[in-house]
Amino acid sequence: MRRLCVICEVSGKRVAGLDGLRGLCALYVLLFHCWAYTFRGFPRYRGPDWLSWLGFGRLAVVLFLVLSGFSLAMSAARNGWRLGGLGRYVRRRAWRILPAYWGALAFSLVIAWFVVPQPHNPEPTAKSVAVFTLLLQDLIPAPTPNGAFWSISVEVLLYGALPLLLVLCRRFGPAVMLAVVTLPVVVVGFVVFDGSPPTGDNWLTPHLVPVFAAGVVAAGVVAAGDRFRRLPWLLISVLAAVPVGALILHQGVRWFTGHYYWVDMAIAPAMTAFLLAIVSGRPAVLIRLLDSRPLERLGSFSYSLYLIHLPIVVAISLKLVAPRLGHGVAAFLVTTVLGGGLSLVGAWFFARVFEFPFQRYRSWAEIRATEDRRVLVG
């Protein structure tokens with residue numbers, strides 16, 4: 001059977017650890033939402049200090065974007081920064097992303113209309129259906145059926161930017177490309193917004209272009225040859241992360257949520273170096289952990305988990321747990337067990353319908369041919 005996990009090709013081999021890393025990112029976002037909807041009032045945290053580490057779910061989304069830029073650019077980086085056909089690229093991205101997204105949109109609408117809408121949002125409207133179907137939610141405001149969908153729109157916009165990023169890499173090199181996309185974002189942040197750009201999930205996020213571009217640069221580093229493996233990438237990652245991490249921990253969740261614009265870009269170098277450490281295969285103990293069977297399996301349906309978990313968590317938290325247990329630690333544990341467990345099980349079955357077939361096959365013709373063979377064999 002062909003592998004169902006999302007892979008990145010380096011020297012013709014699957015990169016050990018990347019699927020496990022995706023799985024952990026999705027799991028952290030799930031735990032973040034269980035935490036946020038138990039201890040109400042986010043980002044004003046009123047829970048115990050020992051759970052405050054769960055308040056930085058945004059960092060997992062940033063790492064997702066670095067991974068995405070790396071995975072999509074790897075083949076192009078090994079081919080002189082050529083995409084291999086714009087039409088083919090668009091078809092493959094749409095084939096991979098849209099079926100699961102539209103399935104999750106339908107699921108989210110049903111939950112929002114018949115069980116509970118997303119917090120701080122009215123019920124989705126006809127406008128919501130149109131906006132979210134077309135992935136325009138970061139451009140056109142509308143009541144959301146699923147608060148996690150903001151990042152899917154960002155991802156699609158970044159897919160559209162990738163061909164231009166590759167042209168810049170081909171003509172000027174990846175370092176210049178990164179500078180070209182980062183400098184305007186920094187200037188806008190300081191000049192237009194006086195150093196305090198607005199933040200929020202449903203707002204166009206140009207500062208995430210450099211984050212995605214950092215992943216593209218990482219692909220260029222790997223494609224340059226095995227010499228990159230000699231560098232101590234994990235140490236570089238730790239050194240880059242320490243000042244940003246220390247600032248975040250010192251200032252707390254509330255400050256963190258008000259400074260996404262700068263923090264997202266500041267943490268991207270550390271995440272990029274960490275990604276290069278994994279690709280280089282060091283340290284081996286970390287790679288073995290990330291490539292373990294449970295984490296690899298989790299990574300294989302991490303996209304589905306990200307897509308459908310939030311309506312489930314919100315329904316469990318607001319309709320079942322909060323009326324009985326309030327908003328304390330007990331409520332968090334029950335929400336995590338019930339909401340998290342249902343999300344994991346539901347995502348696995350959801351992926352079998354809306355994700356795995358579109359990883360295994362490249363067209364409807366292949367799917368129909370496989371079904372026809374099954375009928376004949378049966």
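This passage describes the overall fold of a predicted model and then its aromatic contacts, a buried polar residue and some backbone features.

The chain contains 16 helices and two strands. Its radius of gyration is 21 Å, close to the 21 Å that the globule rule gives for 378 residues, so the chain is as compact as a globular protein of that length. Along the principal axes, the C-alpha atoms occupy a box of roughly 65 × 60 × 45 Å. Half of the chain is shielded in the sense that 50% of the 378 residues count as buried, while the area that the chain exposes comes to about 17,600 Å², with carbon and sulfur atoms supplying 67% of it. When contacts between residues at least 6 apart in sequence are considered, 76% are found to join residues at least 24 apart.

A search of the whole structure for aromatic pairs returns 18 of them. One of these is formed by Tyr101 and Phe149, whose rings are tilted at 55° between the planes and lie 5.0 Å apart, centre to centre. Because Tyr101 belongs to helix H3 (residues 86-114) and Phe149 to the loop between helix H4 (126-133) and helix H5 (150-172), the pair ties together parts that are 48 residues apart in sequence. Tyr101 is buried, with a relative accessible area of 0%, and Phe149, at 0% relative accessibility, likewise counts as buried. Phe149 also forms an aromatic pair with Phe132, again tilted, with 6.4 Å between the ring centres and 45° between the planes. Here the link runs from Phe132 in helix H4 to Phe149 in the loop between H4 and H5, the two residues being 17 apart, and both are buried.

The loop between H4 and H5 also holds Gln137, a residue that is buried with a relative accessible area of 2%. Its side chain is joined to that of Tyr101 by a polar contact of 3.3 Å, and the side chain of Gln137 further reaches the backbone oxygen of Phe149 at 2.9 Å. Gln137 thus contacts both members of the tilted pair formed by Tyr101 and Phe149.

Elsewhere, Phe32, Trp35 and Phe42 form one aromatic cluster. Aromatic rings also lie beneath charged side chains: Arg58 is placed over the face of Tyr260, at 4.1 Å from the ring centre, and Arg93 over the face of Tyr159, at 5.2 Å from the ring centre.

Several backbone features remain to be described. Most residues other than glycine have a negative phi, and most peptide bonds are trans. Against this background, a cis peptide bond, with omega about -5°, joins Arg282 and Pro283, and Pro283 lies in the loop between helix H10 (260-280) and helix H11 (284-290). A positive phi, near 65°, is found at His120, which lies in the loop between H3 and H4 and is exposed, with a relative accessible area of 82%. Leu135 also has a positive phi, near 60°; this residue is placed in the loop between H4 and H5 and, with a relative accessible area of 10%, is buried. The two positive phi values therefore occur in contrasting surroundings, since residues under 20% relative accessible area count as buried and those over 50% as exposed, with Leu135 at 10% and His120 at 82%.

Notes:
Residues numbered from 1 in each chain as written. Predicted model: local features only at pLDDT ≥ 70, side-chain atom pairs only at ≥ 80, totals over all residues. Heavy atoms only, no water. Phe/Tyr/Trp six-rings, centres within 6.5 Å; stacked < 30°, edge-to-face > 60°. Helix = DSSP H or I, 4+ residues; strand = E, 2+ residues; numbered from the N terminus. Buried < 20%, exposed > 50% of the residue type's maximum accessible area, 1.4 Å probe, protein only. Lys NZ or Arg CZ within 6 Å of the ring centre and 35° of its normal. Rg over C-alpha atoms; globule rule 2.2 N^0.38 Å. Contact = heavy atoms within 4.5 Å. Areas by Shrake-Rupley, 256 points an atom, 1.4 Å probe, with all protein chains shown as cover. Polar contact = N/O pair within 3.5 Å; in protein donor to acceptor, adjacent residues only side chain to side chain.
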